[in-house]
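Please walk through this model with attention to its pockets, its surface and its charged pairs.

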Amino acid sequence: MQQNLRSEAAKLLAVFTTGAFSYGIIEICARGFTHISMGLLGGLAMYLIHLLNRSGRTAPGVFLTLMISALFITACELITGEIVNRQLGLNVWDYSMMPMNFDGQICLPFFVLWFLLCVPITALCNGIRNWMA
């Protein structure tokens with residue numbers, strides 16, 4: 001029992017860490033820099049995708065999993081943006097020039113990007129799950 005708990009904790013730590021570093025690397029490749037809040041957001045997002053993608057009859061379908069994941073990432077990006085960019089004034093990102101943006105913190109093009117990126121992220125979660133089984 002205790003070994004299973006440790007194994008599950010190690011798996012979740014691996015998923016979170018992979019998400020945190022992956023998000024940061026994507027940002028550095030795309031923009032040339034990142035922020036610690038983006039790493040935390042990436043880890044949290046990958047953790048949710050990992051939970052949504054568990055095998056079994058209760059897991060949602062692929063499209064629904066991708067949609068929920070993209071909505072979750074977008075919601076977390078909005079919350080993080082309102083705190084980090086607006087309240088703390090750190091100006092980590094600004095989507096105000098992007099089409100269909102809300103308060104410069106989220107926008108439709110990035111929602112679509114998160115949706116598409118959730119495909120390889122889901123596969124990566126499965127790989128971690130199988131590797132650490």
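The paragraphs below take up the pockets, then a surface patch, the salt bridges and some backbone details.

The model is predicted, so local features need pLDDT of at least 70 and side-chain atom pairs count only at pLDDT 80 or more, while totals for chains, interfaces and linings use all residues. Residues are numbered from 1 along each chain as its sequence is written, and side-chain values use heavy atoms, with hydrogens and water left out.

Rolling a probe the size of a water molecule over the atoms shows where empty space is left. A pocket here is an open set of points, on a 1 Å grid over the protein atoms alone, where a 1.4 Å probe fits, with protein on both sides within 12 Å along at least five of seven lines; lining residues have an atom within 4 Å of a point. Grid points are joined across faces, edges and corners, and a volume is the space filled by probe spheres set on the points. Helices (DSSP runs of H or I, at least four residues) and strands (runs of E, at least two) are numbered from the N terminus.

The largest pocket has a volume of about 200 Å³. Three helices, α1 (2-31), α2 (36-52) and α4 (108-131), each give at least two residues to its lining. That lining consists of Gly19, Ser22, Tyr23, Ile26, Gly42, Ala45, Met46, Ile73, Trp114, Leu117, Ile121 and Leu124. Sorted by class, it holds nine nonpolar, three polar and no charged residues. In this sorting, Ala, Val, Leu, Ile, Met, Phe, Trp, Tyr, Cys and Pro are nonpolar, Asp, Glu, Lys and Arg are charged, and the others, Gly among them, are polar.

The second largest pocket contains about 170 Å³ of space. Its lining is made up of Tyr23, Ile26, Glu27, Ala30, Arg31, Glu77, Trp93, Asp94, Tyr95, Phe110, Leu113 and Trp114. Both α1 and α4 supply at least two of these residues, and the largest share, five residues, comes from α1. Here the classes are eight nonpolar, no polar and four charged.

On the surface, Ile79, Ile83, Leu88 and Leu90 form a nonpolar patch with about 400 Å² of accessible area together. Patches are made of residues with over 30% relative accessible area and no salt bridge; like charges are joined within 9 Å, and nonpolar side chains (Val, Leu, Ile, Met, Phe, Trp, Tyr) within 5 Å. The areas come from the Shrake-Rupley method with a 1.4 Å probe, and for residues only the protein chains shown count as cover. Within the patch, Leu88 sits in the loop between α3 (62-87) and β1 (101-102). Leu88 has a relative accessible area of 57% and is therefore exposed; the classes are buried (under 20%), exposed (over 50%) and partly exposed (in between), with a 1.4 Å probe and protein chains only.

How many salt bridges does a search of the whole structure find? There are three, a salt bridge being a side-chain nitrogen of Lys or Arg within 4 Å of a carboxyl oxygen of Asp or Glu.

One salt bridge joins the side chains of Lys11 and Glu8, at 3.8 Å from N to O. These residues are separated by about one helical turn, because they are three residues apart in helix α1. Lys11 is buried at a relative accessible area of 11%, while Glu8 is partly exposed at 27%.

Another joins Arg31 and Glu27, at 3.5 Å from N to O. Both lie in helix α1, four residues apart, about one turn of the helix. Glu27 is buried, with a relative accessible area of 11%, and Arg31 is partly exposed, with 31%. Arg31 and Glu27 are also among the residues that line the second largest pocket.

The side chains of Arg86 and Asp103 meet at 3.4 Å, N to O. This pair links distant parts of the chain, 17 residues apart: Arg86 is in helix α3, and Asp103 is in the loop between β1 and β2 (106-107). Arg86 is partly exposed at 42% relative accessibility, and Asp103 is partly exposed at 36%.

Asp103 also has a backbone feature: a positive phi of about 60 degrees, although it is not a glycine. Asn91, likewise not a glycine, has a positive phi of about 50 degrees. Asn91 is placed in the loop between α3 and β1 and is exposed, with a relative accessible area of 58%.
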